[in-house]
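Biologist: Before we begin, could you take me through the reasoning behind the labels used for this model, setting each value against its definition?

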Amino acid sequence: RGSFTSSSSVFFSIDIFISEVFNLFQRLKVDRTTKYGGELGKKYAELLNRYAFEVGVEASIKPIDIQKLIIQFEISEIFYSKLFKILNPSMVVLQDNVTGGITAAARKRGVPVYEVQHGFFHSNKPDYYIPPFLKSYKSEIPIPNKILTFGEMFSKTILSYGFWDND
């Protein structure tokens with residue numbers, strides 16, 4: 001489970017789905033331009049800018065930034081869904097959940113995702129802060145099942161946010 005084989009069929013399959021993902025990317029680029037570059041993109045950008053302000057981070061997010069992130073997420077999720085279908089991993093361990101697509105693909109397949117802490121965090125740094133009112137949606141958000149911290153101090157900090165559990 002979860003390892004590459006030297007089978008030519010596996011490499012052939014990877015070659016095919018890379019081509020499929022590239023073609024899909026081209027279509028998504030066109031399809032998403034109006035949807036997320038328009039009013040919906042403006043609303044998302046306003047919300048993210050307000051959130052950043054509330055947690056003390058300076059940001060200037062534009063609708064085009066939203067559009068790019070959504071396309072990156074969708075392409076990443078499709079790519080990893082196809083890759084996981086071939087590799088059938090028993091778990092995924094990440095250092096950084098940049099686009100969330102890999103996490104979404106793994107969790108849809110029932111594969112647990114673990115993220116190793118990749119820097120320092122504190123209550124004013126939003127990397128691992130997710131508002132507690134979103135806890136009931138935890139299974140629907142493309143986030144790791146567990147965060148593996150550097151130690152007790154960081155575990156206490158992340159638990160104090162009210163979203164993560166000590167399990």
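Biologist: Why is Lys138 called buried or exposed in this predicted model?

Modeller: The relative accessible area of Lys138 is 17%, and buried means under 20%, so Lys138 counts as buried.

Biologist: What makes the contact between Asp165 and Lys138 a salt bridge?

Modeller: The closest N and O atoms of Asp165 and Lys138 are 3.8 Å apart, and the definition asks for a Lys or Arg side-chain nitrogen within 4 Å of a carboxyl oxygen of Asp or Glu, so the pair qualifies. Salt bridges that share partners join Lys135, Lys138 and Asp165 into one network.

Biologist: How do you know that Lys135 belongs with Asp165, and what do the two tie together?

Modeller: Their closest N and O atoms are 2.6 Å apart, which is within the 4 Å limit and therefore makes a salt bridge. Because Lys135 lies in the loop between S2 and S3 while Asp165 lies in the segment after helix H5 (152–160), the pair ties together parts that are 30 residues apart in sequence.

Biologist: Why is Glu77 called buried or exposed, and what about Lys108?

Modeller: Glu77 has a relative accessible area of 12%, which is under 20%, so Glu77 is buried, whereas Lys108, at 65%, is over 50% and therefore exposed. The side chains of Glu77 and Lys108 nevertheless meet in a salt bridge, at 2.5 Å from N to O.

Definitions and conventions:
Residues numbered from 1 in each chain as written. Predicted model: local features only at pLDDT ≥ 70, side-chain atom pairs only at ≥ 80, totals over all residues. Heavy atoms only, no water. Buried < 20%, exposed > 50% of the residue type's maximum accessible area, 1.4 Å probe, protein only. Helix = DSSP H or I, 4+ residues; strand = E, 2+ residues; numbered from the N terminus.
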